[in-house]
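Reader: I keep running into labels like "buried" and "oblique" and I never know where they come from. Can we take some one by one and check each against its cut-off?

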Amino acid sequence: MVRGRISRLSVRDVRFPTSLGGHGADAMHTDPDYSAAYVVIETDAEDGIKGCGITFTLGKGTEVVVCAVNALAHHVLNKDLKDIVGDFRGFYRQLTSDGQLRWIGPEKGVVHLATAAVLNAVWDLWAKQEGKPVWKLLVDMDPRMLVSCIDFRYITDVLTEEDALEKQMLAQGYPAYTTSCAWLGYSDDTLKQLCAQALKDGWTRFKVKVGADLQDDMRRCQIIRDMIGPEKTLMMDANQRWDVPEAVEWMSKLAKFKPLWIEEPTSPDDILGHATISKALVPLGIGIATGEQCHNRVIFKQLLQAKALQFLQIDSCRLGSVNENLSVLLMAKKFEIPVCPHAGGVGLCELVQHLIIFDYISVSASLENRVCEYVDHLHEHFKYPVMIQRASYMPPKDPGYSTEMKEESVKKHQYPDGEVWKKLLPAQEN
Ligand SMILES: C[C@H](O)[C@@H](O)[C@@H](O)[C@H](O)C(=O)O
Ligand SMILES: [Mg+2]
C-alpha cells in the first residue's frame, strides 16, 4: 500500500574522480568524472522509507542539474504518493510541462535529466513501500495501471494506449556485455590485461571505443580481436565523433574486425544521418546502435520510423524515468528492434537492469540479439549493487530501484566539500 505525503526533497552533487584513471573516456569525453545528481525524497509516513534517485552526469555538469532539480522540487513537495502514482501520467506531464521550465527543454537536456532524477526517486520509494524491486513491481502491475504511467503525447501515430495493452505479455540472468576493458584512456597493456581477465571471468561480448584516430583504432581493434578470437562479439562506440560520410568511410575500414554494431556514429539528433549510415553499413554486417543521448520518446519514434537503428539503447536517466522508458520499450517491440540498454556511467547498471528484465518478461519475451551493457566501475558505492554471474545480470531482489547510495560514499564524494575532493582540488589547482 502506498502511503505518506512527500515532506522533503534533497539533492546532492556527487562526483567520482574517474578521469584520473582514464575510466569512462571516449572520443568526445576525454576526461569524464562519473557523477550523479543524487535525490532523496522523504515522506511523513512513520515507516522511515526514503526514495533515492539519480541522474548520471559528468563533473561540472552536475551543478546545473542540481539547480534544475531544485527548480522542479515544488511539484513533488507536499504531494501524497498515492495521488502521484494514482495519476502518474498526469504527474509526469505536470513535471515535463512546467510553463516556465519547459522553455529550456522541452523534455530534453538538463531539465529532462533532472526530471529523471526526481522520478527515479519516486519509483524507488513506491517499490520500496511495496517491498518489491522495480522490475517486479512492473511485472506484477495490472496492465491498465502500467499503461497509465505513460504519456502518449506525440507518439500516438505509432503507439496508442490500446496498442500498448496488446503488446503486454508475460525467467536466469540477463545477458550482458562489457565496456570496461577498452576505454580510450587505457594503454594497450591495460587493455590486454583487462581483456584477459574478462575472458577468464566468462565474458563473451566486448565493446571498444573508437573514433579519435583511425590508426589507433585499427591497432586496438586488432589487439582485441586477436585476444577474443573470431567467434566472440565485438561492438564499437564512436560517441558522436563523425560526420555522416566520415562515419561510413571509417567504419568501412573497421569492418574487417566484424563489429556487431557501431554506436553513436554521429550527432544523436541526426535521424536521417543515422538512416544513411545504416543503409551503407548494414550490407557490411554492421548495425547502428544509439540512444544514450536520445532526448526523448519522440526522437526514438523517428529513429524507428526512419529505420535508422538496428539496436535501441534506452538510458534510465536520459529519458523521463521508468514512465518514458516504458513507452520506448513498447515502440521498440512494435518495430521489432531489440533493446540493448546503455549503462556506461555511475549507477546506470543498477537502474537499467530493472527495465531490461521487465522488457524480457513482459514485453519482448526474447533474448535474441539482446544484451545489456555492463561497466565495472563504482558499484561499491551502492547499497544494493548489481550482481553479475557468468556475464549475466542476476535479477535484483531488494525492494526499490537499486539507486540508494551508501551515505558514507555520498559524503566522501560530495563536491566540493567531500573528503575526496578536498584532497584533490588543491592539487588540481596547482
Ligand atoms: C563518458 C561515458 O563513459 C561514455 O563514454 C559511455 O557512457 C559510453 O558511451 C557507453 O556506451 O558506455
Ligand atoms: Mg556509448
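Author: Sure. A salt bridge is a side-chain nitrogen of Lys or Arg within 4 Å of a carboxyl oxygen of Asp or Glu. Before we use that: this is a predicted model, where local features need pLDDT of at least 70 and side-chain atom pairs count only at pLDDT 80 or more, while totals for chains, interfaces and linings use all residues. Residues are numbered from 1 along each chain as its sequence is written, chains are lettered from A and ligands numbered from 1 in the order in which they are written, and side-chain values use heavy atoms, with hydrogens and water left out.

Reader: What makes glutamate 404 and lysine 383 a salt bridge?

Author: Their closest N and O atoms are 3.4 Å apart. The cut-off asks for within 4 Å, so the pair qualifies. The two residues sit in distant parts of the chain, 21 residues apart: glutamate 404 in the loop between β12 (392–393) and α15 (407–413), lysine 383 in the loop between β10 (372–374) and β11 (388–389). Those α and β labels are DSSP runs numbered from the N terminus: helices (H or I, at least four residues) and strands (E, at least two).

Reader: Why is glutamate 404 called buried, and what is lysine 383 called?

Author: Buried means under 20% relative accessible area, exposed over 50%, and partly exposed in between (1.4 Å probe, protein chains only). Glutamate 404 comes in at 17%, so buried is the right word. Lysine 383 has 44%, so that one is partly exposed.

Reader: Which other residue does glutamate 404 meet in a salt bridge?

Author: Lysine 128, with 2.7 Å from N to O. Both lysine 128 and glutamate 404 are buried.

Reader: How do you know that glutamate 63 and lysine 60 pair up too, and where do they fall on the buried-to-exposed scale?

Author: Their closest N and O atoms are 3.3 Å apart, so the salt-bridge rule is met again. Glutamate 63 has a relative accessible area of 33%, which makes it partly exposed. Lysine 60 reaches 58%, so it counts as exposed.

Reader: How many salt bridges does the structure hold?

Author: It holds 25. Some join up: Arg93, Glu107, Asp151, Arg297 and Glu324 are linked in a network.

Reader: Moving on to helices, why is α13 called oblique to α14?

Author: Two packed helices are described by the angle between their axes and the distance between the axes. Axes are lines fitted to C-alpha atoms, for helices over the stretch in contact, and angles run from 0 to 180 degrees between N-to-C directions. Helix α13 (residues 321–335) and helix α14 (residues 348–364) meet at about 45°, with axes 11 Å apart. That angle makes α13 oblique to α14, given that under 35 degrees is roughly parallel, over 145 roughly antiparallel, 65 to 115 roughly perpendicular and the rest oblique.

Reader: Which residues make that contact?

Author: Contact means heavy atoms within 4.5 Å. From α13 come Val322, Asn325, Leu326, Leu329, Leu330 and Lys333, and from α14 come Leu355, Phe358, Asp359, Val363 and Ser364. By class, that gives seven nonpolar, two polar and two charged residues. In this scheme Ala, Val, Leu, Ile, Met, Phe, Trp, Tyr, Cys and Pro are nonpolar, Asp, Glu, Lys and Arg are charged, and the others, Gly among them, are polar.

Reader: And what about loops: why does valine 158 count as buried?

Author: Valine 158 has a relative accessible area of 7%, so it's buried. It sits in the loop between α6 (143–147) and α7 (161–167). Leaving aside neighbours within four places in sequence, its contacts include Lys301, Met331 and Phe335.

Reader: What makes asparagine 239 and alanine 391 unlike glycine in name but notable in phi?

Author: Each has a positive phi without being a glycine: near 45° for asparagine 239 and about 55° for alanine 391. Asparagine 239 lies in the loop between β6 (233–237) and α10, and its 2% relative accessibility makes it buried. Alanine 391 is in the loop between β11 and β12, and at 5% it is buried as well.
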